[in-house]
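Hi everyone, thanks for coming. Please have a look at the screen, and I'll walk you through what we see there.

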Amino acid sequence: MIQVNCYLLWDATREAVLVDGGAFYPEERAYIDAFIAEHDLRLVHLLITHGHFDHIFGLDHLSSRYNLLPEMGRNERATYEAAKEQMTAFLHRAFPLEVPPAGRMLDEGDEVSFGTHTLRIINTPGHTPGGICFYEEADGVLLSGDSLFQGAIGRCDLPGGNMQTLVRALSEKVMTLPELVCVLPGHGPTTTIGQEKRMNPYL
C-alpha cells in the first residue's frame, strides 16, 4: 500500500529470512507464499528493521503460516505495539492490522544466521527509537529500513523520532562501512555507501 520494500534472502542451503513483511493485500501475501514454496525455501527468521505499520502489515499472516515470531531491535517494542494507533493517526482511517507477539529482541552487534550467512545488527535509532539495520559483511549488503534512503534519511517527525540521533548513528556506524556496500532501503531504489557519502545532503 505504501510501497514498502520487502526482502527475502536465502542461499544454497535453502534457509531464508524475510525482512519487513509489509504485505497488506491478499495477493501480496499469496505471492510471497508461492515464491517460498516454488523455490523450496525454509523460512527461519522473520525480521523487521522497525515497527511502523507499513513494514508489518503482513506479519500476522507470515508469523502464523511459518510459525515464527518477528525479531526486532530491543528498543522498538513500544513502536511495534502502537502500530495500529499510529496507522490510524497517519492515514486518518483504520485498516485491518493485527500484530503477533514480539519475538527475539536484538541488540547492537547481535547476529542472525541463516544457511551459511550472518546478518549483524547495527542500531540506528532516530526514525524510531529502536530502528536497526542488518549488515551482511561477506556479500557487502546493508538492509537499512527507513534509516537510510538513496539521497535521504528517514523522517524524524513521527513519535519517538530524533534527527540528530539518526544522523549521528548513520555517520558513526553506517557511513564507515566499505563504499561498495549495497544499501537495500525500506522504500525506493538501492544505493551504495559510497554514493551516500558523496551525495546525501544529510550526511
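Leaving aside its neighbours within four places in sequence, which residues is aspartate 110 in contact with? Take a moment to find aspartate 110 in the loop between S5 and S6. Please keep in mind that this is a predicted model. The residues in contact with aspartate 110, beyond those sequence neighbours, are Arg104, Met105, Leu119, Arg120 and Ile121. There is also a polar partner: the side chain of aspartate 110 reaches the backbone nitrogen of aspartate 107 at 2.8 Å. Is aspartate 110 buried, exposed or partly exposed? With a relative accessible area of 21%, aspartate 110 is partly exposed, because buried means under 20%. Tyrosine 66 makes a nice reference point here: it is 44 residues from aspartate 110 in sequence, and their C-alpha atoms are 23 Å apart in space.

Let's turn to the sheets. Strands of a sheet pair through backbone hydrogen bonds, either parallel or antiparallel. Here we have an open sheet of five strands, in the order S1-S2-S3-S4-S5, and its pairing is mixed. At the edges stand S1, residues 7-10, and S5, residues 105-106; each has a single partner strand, so one side of each is left without a neighbour in the sheet. How do S4 and S5 pair, parallel or antiparallel? They pair in the parallel sense, over two bridges. If you'd like a spot to zoom in on, glycine 73 stands opposite leucine 106 in S5.

Now stay with S4, which covers residues 70-73, and find proline 70 in it. Proline 70 counts as buried, because its relative accessibility is 0%. Who is around it? Beyond its neighbours within four places in sequence, proline 70 is in contact with nine residues' worth of names on my slide, including Leu46, Leu59, Ser63, Tyr80 and Pro101. Take that last one: proline 101 is 31 residues from proline 70 in sequence, yet the two C-alpha atoms are 7.6 Å apart in space.Two of those contacts lead us to a helix. H2, residues 59-66, lies across S2, S3 and S4, and runs at about 145 degrees to S3. Which residues of H2 are buried? They are Leu59, Leu62, Ser63 and Tyr66. Seen down the axis of H2, these buried residues fall within an arc of 100 degrees, so they line one face of the helix. The face turned away from that side carries the exposed residues Ser64 and Arg65. And what covers the buried residues of H2? The cover includes S2, S3 and S4, along with helix H1, residues 26-38, and helix H3, residues 77-81. Just after H2 comes asparagine 67, and its phi is positive, near 55 degrees.

Let's move further along the chain, to another sheet. This open sheet has six strands, ordered S6-S7-S8-S9-S12-S13, again with mixed pairing. Its edge strands are S6, residues 111-114, and S13, residues 191-192, and each pairs on one side only. S12, residues 182-185, pairs with S13 in the antiparallel sense over two bridges. Which residue in S13 is the bridge partner of cysteine 182? That partner is threonine 192.

In the same sheet, S9 holds serine 144. Serine 144 counts as buried, because its relative accessibility is 0%. A polar atom of its side chain lies 2.8 Å from the backbone oxygen of leucine 148. Leaving aside neighbours within four places in sequence, serine 144 is in contact with Cys133, Val183, Leu184 and Pro185.

My last stop is helix H5, residues 163-174. We can do a little check together: at 1.5 Å a residue, its 12 residues should span 16 Å, and the end C-alpha atoms are 15 Å apart, which agrees. The buried residues in H5 are Leu166, Ala169, Leu170 and Val174. Looking down the axis of H5, they fall within an arc of 95 degrees, so they line one face of the helix. On the other side, Gln164 and Glu172 are exposed. Among the elements covering the buried residues of H5 are S7, S9, S10, S11 and helix H6. At the start of H5, a side-chain oxygen of asparagine 162 comes to within 3.1 Å of the backbone nitrogen of glutamine 164.

That's my tour, thanks for listening!

Terms used:
Residues are numbered from 1 along each chain as its sequence is written. This is a predicted model: local features need pLDDT of at least 70, side-chain atom pairs count only at pLDDT 80 or more; totals for chains, interfaces and linings use all residues. Side-chain values use heavy atoms; hydrogens and water are left out. Helices (H or I, at least four residues) and strands (E, at least two) are DSSP runs, numbered from the N terminus. Buried means under 20% relative accessible area, exposed over 50%, partly exposed in between (1.4 Å probe, protein chains only). Contact means heavy atoms within 4.5 Å. Two strands pair if DSSP finds at least two bridges between them. Axes are lines fitted to C-alpha atoms, for helices over the stretch in contact, and angles run from 0 to 180 degrees between N-to-C directions. The expected span of a helix is 1.5 Å times one less than its number of residues. The arc is that of the directions from the helix axis to the C-beta atoms. A polar contact is a pair of N or O atoms within 3.5 Å; within protein, one must be able to donate a hydrogen and the other to accept it, and residues adjacent in sequence count only if both atoms are side-chain atoms.
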